[in-house]
Amino acid sequence: MASLSDVKFAALELLLKASSKDTVRHLCGESFSSSAVCSNRLVESTVTNLSVTSEEAQQLLHSLHHLIRYIVFKGLTSADEILPLFPKEFHQSLKNLLTKMFLENIPTWRTEAQANQVSLPQMIDFDWRVDVKTASDNINRMAVPSCLLQMKIQEDASLCGNKPMISTVTVELSKETLDTMLDGLGRIRDQLSAVAK
């Protein structure tokens, strides 16, 4: 979790060197992702656009990243909640501009944060069919129906280098096993419905 102690507000005032609001808007938009803190491309772009040293650019991006993460994590959604985060001596116009840009981007950042949180694999599709065995070395297993259930599972993108890995799992279920599974799923559905009320 980001904290305000990680934010160097003096480094943020380097944004006053920006030639336009669009430059500041671009840096705010790019600074949210975790990869921004170590992005050489973004550091070089910041050095060029703001005429600062590489170290100053890294401090600026680091502080901007942590301030944005703090705002999103704390669920701050109004200027009245964000403005007090800045020190009293911070440049007033820059404070107002940053607050405005943060408020514009918060819904996008919140969605991105939720999409990138670590989670269990998710089932994205399934298919099934009923098979009847017509040949077997044991007469008792002949003409016994079974269900073949095929599930497509997507691994958590953040664990796979942001390239979601999809795997297919196929299981064979006898009538008894399928009954047990359906009974268990029915109980889960009932519990979820009770919690949702």
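1. Let's start with the surface. This is a predicted model, and its accessible surface comes to about 12,800 Å². Carbon and sulfur atoms account for 54% of that area. As for what is hidden, buried residues make up 28% of the 197 residues in the protein.

2. Next, the overall layout. You'll find seven helices and three strands here. Walk along the sequence and the pattern reads α-α-α-α-α-α-β-β-β-α. Contacts are worth a look too: take those between residues at least 6 apart in sequence, and 58% of them join residues at least 24 apart.

3. Now for a pair of helices, α2 and α4. Helix α2 covers residues 21-31 and helix α4 covers residues 54-74. Their axes are 9 Å apart, and the helices pack at an angle of about 65°. That angle is why α2 counts as roughly perpendicular to α4; the range for that label runs from 65 to 115 degrees. The crossing of this pair is right-handed.

4. Which residues of α2 and α4 make the contact? From α2 come Leu27, Cys28 and Ser31. On the α4 side you have Leu60, Leu61, Leu64, His65 and Ile68. Sort the residues of this contact by type and you get six nonpolar, two polar and no charged.

5. Helix α2 also meets helix α3, which spans residues 40-50. Here the axes come within 12 Å and cross at roughly 160°. Anything over 145 degrees counts as roughly antiparallel, so that is the label for α2 and α3. The crossing of α2 past α3 is left-handed.

6. Who does the touching between α2 and α3? Thr23, His26, Leu27 and Glu30 take part from α2. Their partners in α3 are Arg41, Leu42, Thr46, Asn49 and Leu50. By type, the residues of this contact divide into three nonpolar, four polar and two charged. Keep an eye on Leu27, by the way: this residue of α2 is listed in the contact with α4 and also in the contact with α3.

7. Let's zoom in on Thr23, which lies in helix α2. Is Thr23 buried or exposed? Its relative accessibility is 14%, and the cut-off for buried is under 20%, so Thr23 counts as buried. Leave aside neighbours within four places in sequence, and Thr23 is in contact with Ala18, Asn49 and Leu50. Asn49 and Leu50 should look familiar, as both were named on the α3 side of the contact with α2.

8. Val7 is another one to click on. You'll find Val7 in the segment before α1, the helix at 9-12. With 7% relative accessibility, Val7 counts as buried. Not counting residues up to four places away in sequence, Val7 touches Leu12, Ser63, His66 and Leu67. Try a distance as well: the C-alpha atoms of Val7 and Leu61 are separated by 9.8 Å, and these two residues are 54 residues apart along the chain. Leu61 has come up before, as one of the α4 residues in the contact with α2.

9. Last stop, Ser51. Where does Ser51 sit? Look in the loop between α3 and α4. Ser51 has a positive phi of about 55°, although it is not a glycine. Its relative accessible area is 60%, and since exposed means over 50%, Ser51 is exposed.

Methods. Residues numbered from 1 in each chain as written. Predicted model: local features only at pLDDT ≥ 70, side-chain atom pairs only at ≥ 80, totals over all residues. Heavy atoms only, no water. Axes fitted to C-alpha atoms, helices over the stretch in contact; angles between N-to-C directions. Helix = DSSP H or I, 4+ residues; strand = E, 2+ residues; numbered from the N terminus. Parallel < 35°, antiparallel > 145°, perpendicular 65-115°, else oblique. Left-handed = near helix turned anticlockwise from the far one by under 90°. Contact = heavy atoms within 4.5 Å. Nonpolar A, V, L, I, M, F, W, Y, C, P; charged D, E, K, R; others polar. Buried < 20%, exposed > 50% of the residue type's maximum accessible area, 1.4 Å probe, protein only. Areas by Shrake-Rupley, 256 points an atom, 1.4 Å probe, with all protein chains shown as cover.
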